[in-house]
Amino acid sequence: MTHNADTLVIGGREFTSRLMVGTGKYASFEQTARALEISGAQIITVAVRRVNLDRSKESLLDYIDLKKYTLLPNTAGCYTADDAVRTCRLAREAGMSDFVKLEVLGDEKTLFPDNEELLKAAKILVAEGFTVLPYCSDDVIVCKKLEDLGCAAVMPLGAPIGSGLGIRNPYNIRIILENISVPVIVDAGVGSASDAAIAMELGCAGVLMNTAIAGAQDPIAMAEAMKLAVIAGRLSFKAGRIPRKLYANASSPLDGMIA
């Protein structure tokens, strides 16, 4: 099977790209649109609270081909379950999508998720027919509870949002992968292409990022780098790496050599 046939399925929808990207922090809407195109992403996140839903005025949505991308409205800036649920309902009523990235934050300094409020909001939204992709801590227990509630995927953080620290707890991610059957997507903390490749080599179904691309010195070049890193990481995972060994193992076998 080639990587072209290796589709990602979330909530019954199929995608060929495993890179998901955000739309904030770019220098202009034009730069946003160009970075999205170069990244090859098919799923793009849009902060409901930060996008102008009044289509009579200039909006990010004017620069995005809604036939080409699947919108993933997110609840960035929400600190309670009620607020997050209300934001998702607003996105659906505005015709954006019922395919949502659920964020319920615990505090403004760390932007870590409030898992209790997250679970509460997820339960309500799943019951209302939303396809829920929750941003959560890298905690297998929380991820399992979200899966049991009916979330279409789980999105544990690699590191704090916008930090660029990379995957801080790869062993936590591995434990989640071993115990969760829905797609596991690393969300937050990626800073470079190597971080994205590591997430994919662990076996994650995808990577979601924003700042790593938008905050780069050359966002367009970084968008392409991230595209290639996700593809390479996925192929590397499927190919199966060699075992790690403490001592050398000659590339050219010594057996059969003439003395």
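This report describes a helix pair, the nonpolar cores and three individual residues in a predicted model.

**The pair H2 and H3**

Helix H2 spans residues 81-93 and helix H3 spans residues 115-127. The two helices pack at an angle of about 35 degrees, and their axes lie 8 Å apart. Their crossing is right-handed. On the side of H2, the contact is formed by Ala81, Ala84, Val85, Cys88 and Arg89; H3 contributes Glu117, Lys120, Ala121, Ile124 and Leu125. Sorted by class, this contact comprises 7 nonpolar and 3 charged residues, with no polar ones.

**The nonpolar cores**

The largest nonpolar core has 60 residues. Those touching the most other members are Val21, Leu102, Leu146, Met209, Ile213 and Met226. A second, separate core has 14 residues, including Phe15, Leu133, Met155 and Leu208.

Leu102 links this topic to the helix pair. Apart from neighbours within four places in sequence, Leu102 is in contact with Ala84, Ala121 and Leu125, among others. Ala84 belongs to the H2 side of the helix contact, while Ala121 and Leu125 belong to the H3 side. The contacts of Leu102 also include Leu133, a residue of the second core.

**Three residues compared by position**

The table gives the place and the relative accessible area of three residues.

| Residue | Place | Relative accessible area |
|---|---|---|
| Phe99 | strand E6 | 0% |
| Glu103 | loop between strand E6 and H3 | 6% |
| Leu165 | loop between strand E8 and helix H5 | 45% |

Phe99 counts as buried because its relative accessibility is 0%, and the limit for a buried residue is under 20%. Beyond residues up to four places away in sequence, Phe99 touches ten partners that are listed here in part: among them are Ile10, Arg13, Phe15, Ile43 and Leu133. Phe15 and Leu133 are also named in the second core.

Glu103 is likewise buried, with a value of 6%. Its side chain makes a polar contact with the side chain of Lys101, at 3.1 Å. Leaving aside neighbours within four places in sequence, Glu103 is in contact with Asn74, Thr75, Ala76, Cys78, Ala84, Tyr135 and Ile161.

Leu165 is partly exposed because its relative accessible area is 45%, a value in between the limits of 20% and 50%. Outside its neighbours within four places in sequence, Leu165 is in contact with Ala159, Pro160 and Gly189.

Ser194 offers a reference point for distances. Phe99 and Ser194 are 95 residues apart in sequence and 29 Å apart in space, C-alpha to C-alpha. Leu165 and Ser194 are 29 residues apart along the chain, and their C-alpha atoms are separated by 11 Å.

Terms used:
Residues numbered from 1 in each chain as written. Predicted model: local features only at pLDDT ≥ 70, side-chain atom pairs only at ≥ 80, totals over all residues. Heavy atoms only, no water. Axes fitted to C-alpha atoms, helices over the stretch in contact; angles between N-to-C directions. Helix = DSSP H or I, 4+ residues; strand = E, 2+ residues; numbered from the N terminus. Left-handed = near helix turned anticlockwise from the far one by under 90°. Contact = heavy atoms within 4.5 Å. Nonpolar A, V, L, I, M, F, W, Y, C, P; charged D, E, K, R; others polar. Core = buried A, V, L, I, M, F, W, Y, C linked by side-chain atoms within 4.5 Å. Buried < 20%, exposed > 50% of the residue type's maximum accessible area, 1.4 Å probe, protein only. Polar contact = N/O pair within 3.5 Å; in protein donor to acceptor, adjacent residues only side chain to side chain.
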